[in-house]
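Hello! Here are my notes on this model, set out as numbered points. Please have the viewer open as you read.

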Amino acid sequence: MKSRTSELAVGIFVIIFGIALFFLAMKVSGLVGTNLRDSYSMTAQFDNVNGLKPRAKVTMSGVTIGRVESISLDPVTRLATVKFDLDGKLTSFDPKQLKEVQNNALEELRYSSDYEQADAAKQKEMEQQLISNMTSITSLDEDAYIMVATNGLLGEKYLKVVPGGGVNYLKRGDVVSNTQGTMDLEDLISKFITGGAGKATSSSTTESSTSPAASADAEPSFVE
Amino acid sequence: MNTIAWLGRLVIERIKGIGAASLMLLQVLFAMPSQGGFQRFVYQMYRVGVMSLLIIAVSGLFIGAVLGLQMYSILVTFGSEAMLGTAISLTLLRELASVVAALLFAGRAGSALTAEIGSMKQSEQLASMEMIGVDPLRQIVAPRLWAGIVSLPMLTVIFATIGIIGGKLVGVDFLGADEGSFWGGMQSTVQFGHDILNGTIIKSIVFALICTWVAVYQGYACDPTPEGIATSMTRTVVYSSLCVLGFDFVLTAVMFGGI
């Protein structure tokens, strides 16, 4: 009887251990808890991804839609190439929405000059080509840009997708071409101190790591 | 002259002790399992592992709670209490869980192992076993050693889990840190292979080997008098605590320090 109770207790001990390990794996490290449904990967190239780490989140309008898979350096362009996985459930249209998107695109096509000049057969062909092009689209349009953003003032870096207003949509596995890298606070401050002369500091890091928008903003206010 | 001789004797005796302990460990670890060995192993698991569960769970809860309290009050001063989950989980998984569980284990289970084997030796049970041709190493020491090696990693994982729950209880439920960023920050920082497998499980297997090895050797080699048993028990706790802390530094340096 004594050995029966001790065996029972050891069994319960092992079960508790299993639950604890499961908790650590799922809830604490998020091992399988990425729960990206129907995921696919896309890439983007940045001039600076300082602070971004693999497994960082990708958001659109504040909703997490994916995770950064890997970060590598393109030897030719010398840009950081970020590969990230997106959730197919959150970033694609359901059939009804797809119909609407296709109708919008057709509408757009009918107003274009190419379409109006073409004859009826050619028009038909163009329409069909448009529809067939839109089979595996995502809800990210071609004007959307992706930036390395910071969570709060000191928080971790993540990728933020800012949707644009285009009617052409990116396909799964495409490259997002509009990007903005990490905004370096040090560069902005050094620009402030040296009176907006981004070229005066002229170190190569300053040149390459600030976005053109930031320097354009900074310049007029400090030159005067 | 005498002091030099004393120093020499001291070193020789220490090295002899390490050698004897290593021989014993080899004999036990590579011994063929004896008849009914599994039942004895399960019973020792019950005595070593299950009976330590309560103290491990309670200390885990309170250590997690204290971590939550202190980290929150520091982090909130510069408005980054969203890092609370990350801080608690990394502290527990990389360092505290394995070390504190091993120290508690040395005090709770290690000293009991030493006392038990020591009093068996005192009442000449070990000697009479040898007389009838039963190897006491296989019969007595092996199940206890294996039970210790298996149960401490399990206790450590339970400790870490309860600690994180305790930290969540205080940080999120009492003090009002945000629950979403508590778990979210944790999940984006903690890596299963790097933090949990290395920091918690591999470390605790090493500590388990050290703690149980010291305990059974001290019991097996003790002076078979009441005083000798008492000295051995003290040594068990002191040696295993020191070894755990020392090895913790070495393991941390190798795993996380990039040496």
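1. Two residues are in contact here if their C-beta atoms, placed from the backbone, lie within 7 Å. On that basis, 25 residues of chain A are in contact with 26 residues of chain B. On the chain B side, H2, H6, H7 and H8 each supply at least two residues, and H6(B) gives the largest share, six residues. Helices are DSSP runs of H or I with at least four residues, strands are E runs of at least two, and both are numbered from the N terminus.

2. A word on conventions: this is a predicted model, where local features need pLDDT of at least 70 and side-chain atom pairs count only at pLDDT 80 or more, while totals for chains, interfaces and linings use all residues. Residues are numbered from 1 along each chain as its sequence is written, and chains are lettered from A in the order in which they are written.

3. Chain A has ten strands and eight helices. Of its contacts with a separation of 6 or more, 63% join residues 24 or more positions apart.

4. The largest nonpolar core (buried Ala, Val, Leu, Ile, Met, Phe, Trp, Tyr and Cys residues joined through C-beta atoms within 7 Å) has 76 residues, and B:Ala101 and B:Cys211 touch the most other members. Buried means that 20 or more other C-beta atoms lie within 10 Å of a residue's own. H6(B) provides the largest share of this core, 19 residues.

5. Leaving out residues up to four places away in sequence, B:Cys211 touches residues including B:Phe105, B:Leu152 and B:Val244. Another core, of 25 residues, lies apart from the largest one and includes A:Met42 and A:Val161.

Conventions:
Buried ≥ 20, exposed ≤ 12 C-beta atoms within 10 Å, placed from the backbone.
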